[in-house]
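Q: Got a minute to walk me through this one? I'd like to go piece by piece.
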Amino acid sequence: MALAFDEMNGTDGAIREAYVGLKQWLDTVPADHIALRRSQAELFFRRIGITFAVYGDAEATERLIPFDIIPRVLTKPEWTKLEKGLIQRVTALNAFLGDVYGARECLKAGILPEDLVYRNPGFRPEMAGRRVPHDIYVHIAGIDIVRVDPDTFYVLEDNARTPSGVSYMLENREVMMRLFPELFTEHRVAPVENYPDSLLATLRSVAPRNASRDPVCVLLTPGQFNSAFYEHSFLADKLGIELVEGSDLFVRDDVVFMRTTQGPQRVDVIYRRIDDDFLDPLAFRPDSILGVPGLMSAYMAGNVTLCNAVGTGVADDKAVYSYMPEIIRFFTGEEPILNNVPTWRCREKDALSYVLDHLPELVVKEVNGSGGYGMLVGPHASRQQIEEFRRKLKMAPDGFIAQPTLALSTCPTFVASGVAPRHVDLRPFVLSGSDKVRIVPGGLTRVALKEGSLVVNSSQGGGTKDTWVLDA
Amino acid sequence: MLSRTADNLYWVSRYIERAEFLARVLDATARLATLPAAYGGAGNEWRSAVLTAGAADTFDQHHGAANERTVCEFLAFNPDNPSSIRNCFEIARSNARAVRTALTGEMWEAINGAYLELRKYDSQKMTREEFARFLEWVKSVSLAFDGSAYRSMLRSDAYWFSRMGVYIERADNTARILDVKYHVLLPETERVGGSLDYFQWSTILREVSALTAYHWVYRESLKPWLVADLLILNRQMPRSLAASYENIVRFLDEIGRKYGRQGPSQRLSRSILTRLENTTIDEVFKTGLHEFIDSFIVDNNKLGAAITDQYLL
């Protein structure tokens, strides 16, 4: 593995332009000042209750995601390119989903194998031949991006189902502005606080055509024991919409209502943070107590908009991901602005044998996994883990893809020994409405706090940073 | 607003109010229990505290004798007691978390801060003095929550439902004290020249933080019927049944006005208030203090159920 590119120190020893001010600050600010601010940041997060439940960790149903106070900085030109690439990618994702559940031109043209779509667990046959309001499927996308050198950003994953993390993006900025006002006077940082407004505008823009001029939007949560509940309540609050659970909603004559202290109130748009499987026990998993019986039939009748649409998981799959460059070319007629990480599809025989021969160098991922669970990072794995993955791969090669172990870029980060480089990724949030695509500059930077670790997921001990896009 | 949100707000307030009530009962009981027998220390004060908390059945399942150690642990910390102070705070916090957006930041911080602080208390290692400080702390949490609600909430349905929880719970708590202690207030137990029950009466007043108020209102030494009058009918006394119902009626009316519709809970609350307004403490004693309190507790529960039916389901 090559030496990682550090976003502050660069490759030639000279501090990179975006970080000059920050480096100077780091060099001059007294250590106890930093220590004080770090403990204040922690206190702040704990008081407001930003916690994250980690599944399988009985000790701590609520745990704080570590926050690193050194921001990650992107320049305006870097961001502009990313933004264009993101808009292109999400536009293609929406067109692809409309096609998969509609005319299926891309399958007819052989852009990707049919079985990858039809046998995909994220594919919802119920949606075939149906149109969704305004033909938008992925209203909220969280596109994971990694960087390997000054000019190369790769898309690592397209989170097209219910991406989370945006509350950390917003709260991180809030905390930074409170703790380090001096940094914000020295840097022109593009604001992110308009995200809730953009999200609300997006949701309202996709209300069903028969909805009133003032559509009622709600946020549907699985409830307070969900790992992202804090975010659900945070967003509902910032948007000024009701935070509902399945039991707060009911369907009568294919119309969705919520139970209020003044009787039933009609609901037009549901920003749902529940997976497809749990949305409606009548249509999907009958044992789901999180969903709303009859919701799918109201959806099919066109009386309610679900954000994201049902069935977007088919585009969020790591096997389909590997075809995204072709999908982008097919639907936009353009060359992809953002590239994929080179990917071996283990379903292909040659690729599989290459992967099996090079397991210690590769990252192997389950096609349908997420959150950093069920993946193998070859260079960091024990022999036993590698053999276990070898067995899994031979047994069900279709379920896996493999990628080279990238030298993810690093950013200066506070650790026990002082300031040290740690690997980062970036999750910008892309909002697709019926009127336009909206992106706030930046996104959520996740950082792997363990030395050398490449796994940034909060469920696996990752932390977060504020992300700055310099506006000058 | 969502019915579930209203329901959660209502119960958050009830649980916080209940925690404070338990703290006051424990505080007053500890004081009474230290008195020599000649001054009315009858030896069953701790049992009486469990009864007042309405937790006798659960207590009997877990403990044999009611004494300072068992009762304090049970009412303050025991996880098996659904209404222990610890459980009250934990349930309140869990309800608050579910409706985080309906609370103001100050209210959430009061509850969440209490929840985090609570973990620092270790019931096993607590000295008497530490326990007393713990009870003071519980009261301060309730005060902080109440004060932040009063100061920071919009005067709208969320506020009214939250307040309603406070007063329904408060009326229930005051009535329970009377229900357990009614016998010491009956006239035949009063003896000329100072009664052994004097300290029982002052304990009752302490349990509702009204010992000083009593003297301001009546300017007399403690008389059992005046203690009953203060707790039942006196509208100046914020924990009396009458004062609680004045508030309940007011908040239900606000809700009815906002929603443009009155219902069973408005009617029931008004009829309970009318009964409290149109009676004197003499009449209460004539018809039977115990019967009066019993039927009040039943009515208060009925109103709770009516509010739930009308708004919270």
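Q: Which helices do the buried residues of H12(B) pack against?
A: They pack against helix H8 (157-185), helix H11 (224-232), helix H13 (264-277) and helix H15 (289-312) of chain B. Keep in mind that this is a predicted model, where local features need pLDDT of at least 70, side-chain atom pairs count only at pLDDT 80 or more, and totals for chains, interfaces and linings use all residues. Residues are numbered from 1 along each chain as its sequence is written, and chains are lettered from A and ligands numbered from 1 in the order in which they are written.

Q: And which residues of H12(B) are the buried ones?
A: Leu241(B), Ala242(B), Ala243(B), Ser244(B), Tyr245(B), Asn247(B), Ile248(B), Val249(B), Phe251(B), Leu252(B) and Ile255(B). A residue is buried if 20 or more other C-beta atoms lie within 10 Å of its own, exposed if 12 or fewer, and partly exposed in between, with C-beta atoms placed from the backbone.

Q: What span should H12 of chain B have?
A: It covers residues 241-259, and at 1.5 Å a residue its 19 residues should span 27 Å. The end C-alpha atoms of H12 in chain B are 27 Å apart, which agrees. The expected span is 1.5 Å times one less than the number of residues.

Q: What follows H12(B)?
A: Gly260(B), with a positive phi near 65°.

Q: Zooming out, how many helices and strands does chain B have?
A: Chain B comes to 15 helices and zero strands. Helices (H or I, at least four residues) and strands (E, at least two) are DSSP runs, numbered from the N terminus.

Q: What about the radius of gyration of chain B?
A: Chain B has 19 Å, which agrees with the value near 20 Å for a compact globule of 313 residues. The radius is taken over C-alpha atoms, and the globule rule is 2.2 Å times the number of residues to the power 0.38. The C-alpha atoms of chain B fill a box of roughly 55 × 50 × 35 Å along the principal axes, and buried residues make up 47% of the chain.

Q: Now the other chain. How many helices and strands in chain A?
A: Chain A has 14 helices and 21 strands. Its C-alpha atoms fill a box of roughly 65 × 55 × 45 Å, taken along the principal axes. Buried residues make up 47% of its 472 residues.

Q: How many residues does each chain put into the contact?
A: 16 residues from chain B and 16 residues from chain A. Two residues are in contact if their C-beta atoms, placed from the backbone, lie within 7 Å. On the chain B side, helix H1 (3-33), helix H5 (85-98) and helix H6 (105-118) each supply at least two residues. The residues on that side of chain B divide into seven nonpolar, four polar and five charged. Here Ala, Val, Leu, Ile, Met, Phe, Trp, Tyr, Cys and Pro count as nonpolar, Asp, Glu, Lys and Arg as charged, and the others, Gly among them, as polar.

Q: Back to the strands of chain A. What's the order in the open sheet of four strands?
A: E5-E4-E9-E10 in chain A, with parallel pairing. Strand E5 (242-244) and strand E10 (305-307) of chain A stand at the edges with a single partner strand each, so one side of each has no neighbour in the sheet. The twist averages 30° from one strand to the next. Two strands pair if DSSP finds at least two bridges between them.

Q: How many bridges between E4 and E9 of chain A?
A: Four, in the parallel sense, between residues 217-220 and residues 269-272. Leu219(A) has Tyr271(A) in E9(A) as its bridge partner.

Q: Which helix lies across E4 and E5 of chain A?
A: Helix H9 (residues 229-239) of chain A, running at about 150° to E5(A). Axes are lines fitted to C-alpha atoms, for helices over the stretch in contact, and angles run from 0 to 180 degrees between N-to-C directions.

Q: Last one: which residues of E18 in chain A are buried on its two faces?
A: Phe429(A) and Leu431(A) on one side, Val430(A) and Ser432(A) on the other. E18(A) pairs with strand E2 (residues 140-149) of chain A in the antiparallel sense over three bridges, and Ala141(A) stands opposite Val430(A). E18(A) and E19(A) form a hairpin with four residues between them, and Ser432(A) has Val437(A) as its bridge partner in E19(A).
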